[in-house]
Amino acid sequence: MAKIKPRVKVPKKAKAGEAITIKTLISHPMESGQRKDRKTGELIPRKIINKFVAKYNGTDVFWMDMEPAVAANPYVEFSVKLTESGTMRFEWTDDDGSVYDIEKKISVA
Amino acid sequence: MQMTRRDLFALAAGLAAAGLIQVPANASEDAVEAAIKKFAGGMPETGGVEIGAPEIAENGNTVPIEVAADGAASIMILAAGNPSPGVGTFHFTEMCAESRASTRIRLASTQDIVAVAKMPDGSTKMARREVKVTIGGCGG
């Protein structure tokens, strides 16, 4: 299986109180559990990312519950307003319990 | 008005056709209504929620969708014509610049997208928008 790799686009610097856009993407097949194997005709078991969360300095900022109808390689875009410098941590939770994460530092002036 | 036998047949055929068409549509519409009620605790009023989506999506496997509702704490997205209507729910906090987010979703066929927003005070709003799909995204 392809390696699961998170990618995020976050500005390195921001002004306090200014809206900044955050774009996130993770490579993941998001197997819906409704597709059939072409050779065996059996259902391919569901395996999706069911939760995405963004935390800033340990506080939840934004999160999303996902169902199988979210497209493969789930992309999520949202905006935040920060008042202090810190670290944005992104976590994706897989159906099998694994958590994929990435962190980005933002300096706020 | 005199009812001829031909009229009666036409009427019966029309009713049967309407009945046949309604059955599958209702089955899925029930699931949508159940999901809305579970999330909102009732049927919300229409309006106050924005759905950004292409009018025609060529590939149902990945359809860009944006939802926004002023001040909402969470927004749920449903795809009324998918095998299972649930798509996802965004949750916002005070650190979000606005209650707006986008993602990419799968659509099995031409159908309505429903977005339901929940405000911090518990009130709810909803919006509905049709997206035409050229190639469905639930193949197998």
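This short presentation goes through the strands of chain A, their pairing within and between chains, and the interface of chain A with chain B.

Good morning, colleagues. Please keep in mind throughout that this is a predicted model.

I begin with chain A. Its secondary structure comprises eight strands and zero helices, so that the order of elements from the N terminus reads β-β-β-β-β-β-β-β. The C-alpha trace of chain A spans about 60 × 20 × 20 Å along its principal axes.

Within chain A, I would draw your attention to strand 4, residues 49–56, and strand 5, residues 59–66. These two strands run antiparallel and are joined by six bridges. One of the pairings sets A:Lys51 against A:Asp65 in strand 5. The hairpin that strands 4 and 5 of chain A form has two residues between the strands, and A:Asn57 there adopts a positive phi near 50°.

Strand 5 of chain A also pairs across the chain boundary. With strand 6 of chain B it forms an antiparallel pairing over five bridges. Here A:Asp65 appears again, this time opposite B:Thr89. A:Asp65 therefore has a bridge partner in strand 4 of its own chain, A:Lys51, and B:Thr89 opposite it in strand 6 of chain B.

A second link between the chains involves strand 6 of chain A, residues 75–81, which runs antiparallel to strand 7 of chain B and is joined to it by four bridges. In this pairing, A:Phe78 has B:Ala101 as its bridge partner.

A:Phe78 also takes part in an aromatic pair. Over all chains, the count of aromatic pairs comes to nine. In one of them, A:Phe62 and A:Phe78 are stacked, with 4.1 Å centre to centre and 5° between the planes. A:Phe62 belongs to strand 5 of chain A and A:Phe78 to strand 6 of chain A, and the two residues are 16 apart, so to speak linking distant parts of the chain.

Let me turn to chain B. Strand 2, residues 50–52, and strand 4, residues 63–68, run antiparallel and are joined by three bridges; B:Gly52 stands opposite B:Glu66 there. Strand 4 of chain B pairs in addition with strand 7 of chain B, in the antiparallel sense and over six bridges. B:Pro64 has B:Arg104 as its bridge partner in strand 7. Strand 7 of chain B is thus paired with strand 4 of chain B and, across the boundary, with strand 6 of chain A.

How much area is buried between chain B and chain A? The figure is about 2,300 Å², and carbon and sulfur atoms give 54% of that area. Three residues, B:His91, B:Met95 and B:Arg106, supply 30% of what chain B buries against chain A, more than any other three residues. In terms of contacts, 26 residues of chain B meet 30 residues of chain A.

Which interactions does the interface hold? There are 14 residue pairs in polar contact across it, and zero salt bridges. On the side of chain B that touches chain A, strand 6, residues 86–92, and strand 7, residues 96–105, each supply at least two residues. Strand 7 gives the most, with nine residues. By residue class, that side of chain B divides into nine nonpolar, 13 polar and four charged residues.

Salt bridges do occur elsewhere, and the structure holds 15 of them over all chains. In one, the side chains of A:Asp94 and A:Lys47 meet at 2.8 Å, N to O. A:Asp94 lies in strand 7 of chain A, residues 86–94, whereas A:Lys47 lies in the loop between strand 3 and strand 4 of chain A, so the pair ties together parts that are 47 residues apart in sequence.

That concludes the presentation, and I thank you for your attention.

Conventions
Residues numbered from 1 in each chain as written. Chains lettered and ligands numbered in written order. Predicted model: local features only at pLDDT ≥ 70, side-chain atom pairs only at ≥ 80, totals over all residues. Heavy atoms only, no water. Contact = heavy atoms within 4.5 Å. Buried area = accessible area lost by both parts, 1.4 Å probe. Salt bridge = Lys/Arg side-chain N within 4 Å of Asp/Glu carboxyl O. Polar contact = N/O pair within 3.5 Å; in protein donor to acceptor, adjacent residues only side chain to side chain. Nonpolar A, V, L, I, M, F, W, Y, C, P; charged D, E, K, R; others polar. Phe/Tyr/Trp six-rings, centres within 6.5 Å; stacked < 30°, edge-to-face > 60°.
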